[in-house]
Amino acid sequence: MATVETRNIRKSFGSVQAVNGVDLSTKEGEFLVLLGSSGCGKTTLLRMIAGLEKPTSGEVLIAGEVVNEMPPRARKIAMVFQSYALYPHMTVFKNIAFPLKAQRMGTEAIRQKVEWAAGLFGIELLLHRKPRQLSGGERQRVALARAVVREPAVFLLDEPLSNLDAKLRASARDELQQFQRRIGTTTIYVTHDQVEAMGLGDRIAVMQHGKVRQIGTPMEVYDEPADTFVAAFLGSPPMNLMEGKDCLVGFRPEHFLPKEAFPMTGAAPVPFRVTRLEYLGADRLLYGVLERPFPEQKVIARLPSTVSIPIQPGERYEFVVQEKDLRFFDRDAGHRTEARPLVAQFA
Amino acid sequence: MGPLARLKYWAADRAHFAIVLAFSIFSAFPFYWMIITTFKRNSDLINRDNNPFIFNEPPTLEHLRVLFHDTLYGIWLWNTAFVGVLVVGITLILAVPAGYALARLSGRWGEHLGIGIFLTYLVPPTLLFIPLSKVVVGLGLQDSLWSLVLVYPSFTVPFSTWLLMGFFKAIPRDLEEAAMIDGYSRLGAFAKIVMPISIAGILTVVIFSFTLVMQEFVYALTFISPVKQYTVSVGVPTFLVHGDVYFWGSLMAGCFIASVPIAIVYNFFVDRFIAGFTVGAVK
Amino acid sequence: MKLVQGTAPVKVASRRVTFAHLRDREEWLGPLMIAPAILYIVLVVGFPFFLAIYYSFSDITLGSRSLGFVGLKNFAAVFGNTNFRTALWNTFVFAVGSQLLVLVLANMLALALLKDFRGKWFFRLLILLPWVAPISLGTIGWLWILDSTYSVINWTLQALRIIGPKARLIWLGVPYLAMGSIITVHVWRLLPLATVIILAGLSSIPRDIHDAAQVDGASFWRHYFQITMPLLLPVAMVALLFGVVFAFTDMTVIYVLTRGGPYDTTQVLASLAFFTGVVGGDTAEGAAISLYLFPLLLAVAIAFLRIARRSEVT
């Protein structure tokens, strides 16, 4: 087990800054998720940690040691690729045994280890097959088994679930987390899927344009977004942002509820004209615009099915947001600022 | 399916078969012609009233006897195989690493270099054999098969490098990177992963190079004069053609024997050649 | 750790370039892997190539040892020669004619071979034969088929009453027939390679693209010209590139069948260079003729590589 750390790491491809000064540090046995849309630099960052890309500047440390000059094989890491990268000419057994062969382990020891790793993922019966004879889910398990088998200090996973169908993905997510908890190896996991990130990560690093915008537990990044990017990136639908007098005011759709839902609150009512309604079963999504004194701006409300107040499109309702659910951001830089009275912003 | 649709389907099927058949006849006819001529008596061959497609007189083995007993055909076959094996070996040693380096380890300069290497393939033997014959004499290799071993890779290497580069490029990078993480160096990943996966490509290069060696005519004609050192492609047309009197039976036998066996081997690799372009194991 | 020693031995990372070191250094590994091939090509192609250029500016002959510099005299002499201009024209007729035929026929054949049918492997074997057979030997087969006295084609035409019983077509002895014959033999020889390359291209087009076109109700020809052909273009270019290279540089077919005759009507640049430079012994002029070939090939190659790369990008 080990920690991974990057110090002001940068990578540019020609004039493109893929990773632009990232400081990151995992804890022992942590499951850290790098989350961002495609092109944000998360995969490049992972590949630099793996040693597959050379940083333009900055340092990578694994277990406290600078590994910049080490080839991938010397870094005691294992990686699962998005494509799984199973060796097509080898059987599952040989695929899993491959990293052990590199260590010149004895035949019998290899057999035991491979069986152990296969057992972890329930693929003992597939050992004699070739990768092309496997389903997507099975391939993913083989890739994980191959990564686990030599007990690496760090796991690197590059969108390992993105090639699975939705149903399989949910169960694979569950298995992956249980497995990581059990072996307790430090894991860095790259994904663009916020549900995966929230569900799996001990902490999430939200990335944009080669920089980490925020790093924190799922609760922190969701409830206390560090800036408007994180606020808008996480949550579906994302946080509503209103332009106030000297700051941006944000609130989550699920905190924007009809006045009747909070009989006890003293919060100021917000007039909301609903234009469209989506019934999603567990929730209702209400699309509409605010009315004066608030700026005429589109916002979304998300009503859980437990709030059964009837709503009609085209009608005007009084909604409220509790003071504690409001977030304030700098108008220009977008970063969080201190809380202030809502009314003063829209007087 | 309605009767009209069925008729259309049937007609398309027939047309398809007719096309394949016509091309097959066009391609294979000269070889059929070689084999039937091989076993015909001379008197049958020169009688213009006879139907030339069939045996009008009993077949004979005379032409084969002449070929193997009265000519050096067997030695020429051996010479060709000798040069072929050595040239294929040299080609692989030079082209496999070069193709890989061009596919993976070099950026823009590699692309230009790759095109540069390919363009050398365009320099025709008719341009090079004059200076090369002087080089061969300078090295004391004239009239030796070693001169061919030295020179033939000049057309197999550029071609094979180019072909292998394409094969290596088609292999997903992920596979090598996975191997590098699994404990191998770049070179180890190349040997353990890239080479076995591109075995189809490498075999294609082997077969292509070997056939190119068998085909070569101009250099062999220029560098080598002793009949004993001829290759098949030069020996048959120069030694068996005496002025206007052609030993058609033996000629055709010599052509057939040197062509068809390798074609059958080649056929096994065409499948891999075609399939080799897409390695279906990733995703 | 002892602190007694004043200068504790500091372990300095070894900067020696060992093999173990080298195999991780990609900036070294690449050039190192490519160097032997480059070195070989420079020595066995590059050096003789410049030697050939040198010869073309000299008055060297096969027997002589003199290497006097004569400037562009050889090139001028060659170009002033009617034989040369005929050969230049013939080269274009031969190369363009055979390549057009090869491309069209190879497309047809590849489409036919794409489908699965019984005995496919056997027919494919037959179709591949001309490519694998040593060309000089295959051409001898044709020499016998096209023989002036015993041509099987003439016999068949007579048997079918297409030509009279006494009529004979001298396939290799009449200008247009001879050109037609060498083009046919060349097509015969190049068709398998082009077919295999195009077949590979066809098989690599994703299935769903064809399905989509079928769902959209495209007819065979529309489907072919608007879907298959554009996707096939880069691969077809590779086939064409090889074909053109062969057509411009190879002289074996012509050498075995006609030796450039009758009356030089099938003489191409490659064979003219051979007869001038080797048989005629005028090394300098032969080299000059060959060199006329090079810019042409260079232009063709660059053009095709451009087209191929462009269609790969889009």
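# Notebook: a look through chains A, B and C

I started with chain B of this predicted model. I looked at its contacts between residues at least 6 apart in sequence, and 76% of them join residues at least 24 apart.

**Chain B, build.** I found 14 helices and two strands in chain B. I then asked how its radius of gyration sits against the globule rule. A compact globule of 283 residues would come out near 19 Å, whereas chain B has 24 Å. Along the principal axes, its C-alpha atoms fill a box of roughly 75 × 75 × 30 Å. As for burial, 51% of the 283 residues of chain B count as buried.

**Chain B, confidence.** The mean pLDDT of chain B is 81, and 92% of the residues score at least 70. I noted helix H7 (residues 145-151) of chain B as the high point, at 93, and strand E2 (residues 245-246) of chain B as the low point, at a mean of 60. I also flagged residues 274-283 of chain B, where pLDDT stays under 50. For that stretch the model has 27 contacts beyond four places in sequence.

**Chain C, confidence.** Next I checked chain C, which has a mean pLDDT of 77, with 86% of its residues at 70 or more. Helix H4 (residues 82-114) of chain C has the highest mean among the elements of that chain, 88, and helix H1 (residues 19-22) of chain C has the lowest, 61. Residues 1-17 of chain C stay under 50 in pLDDT, and the model has one contact beyond four places in sequence for them. For the whole model I wrote down ipTM 0.83 and pTM 0.78.

**Where C meets B.** I looked up this pair and found 74 residues of chain C in contact with 74 residues of chain B. Which helix gives the largest share of the chain C side? That is helix H2 (residues 26-56) of chain C, with 16 residues. By class, the chain C side that touches chain B has 57 nonpolar, 12 polar and five charged residues.

**Where A meets B.** Here 22 residues come from chain A and 19 residues from chain B. On the chain A side, strand E6 (77-80) and helix H2 (92-102) each supply at least two residues. That side divides into 16 nonpolar, four polar and two charged residues.

**The nonpolar core.** I traced the largest nonpolar core and got 259 residues. Those with the most contacts inside it are Met79(A), Leu156(A), Ala205(A) and Ile198(C). Helix H8 (residues 175-204) of chain C gives the most to this core, 16 residues. I then picked Met79(A) and left aside its neighbours within four places in sequence. Met79(A) is in contact with Ala50(A), Ala147(A), Leu156(A) and Asp158(A), and also with Ala178(B) and Ile181(B).

**Chain A, domains and one loop residue.** The domain assignment splits chain A into domain 1 (4-223) and domain 2 (238-345). Their C-alpha centres lie 39 Å apart. I finished on Gln312(A), which is in the loop between strand E16 (298-304) and strand E17 (316-320) of chain A. Is Gln312(A) buried or exposed? Gln312(A) is exposed because it has 8 other C-beta atoms within 10 Å, and the cut-off for exposed is 12 or fewer. I also took the span from Gln312(A) to Arg75(A): 237 residues in sequence, and 60 Å in space from C-alpha to C-alpha.

Key: Residues numbered from 1 in each chain as written. Chains lettered and ligands numbered in written order. Predicted model: local features only at pLDDT ≥ 70, side-chain atom pairs only at ≥ 80, totals over all residues. Domains from an automatic or database assignment. pLDDT = per-residue confidence, 0-100. Helix = DSSP H or I, 4+ residues; strand = E, 2+ residues; numbered from the N terminus. Contact = placed C-beta atoms within 7 Å. Nonpolar A, V, L, I, M, F, W, Y, C, P; charged D, E, K, R; others polar. Rg over C-alpha atoms; globule rule 2.2 N^0.38 Å. Buried ≥ 20, exposed ≤ 12 C-beta atoms within 10 Å, placed from the backbone. Core = buried A, V, L, I, M, F, W, Y, C linked by C-beta atoms within 7 Å.
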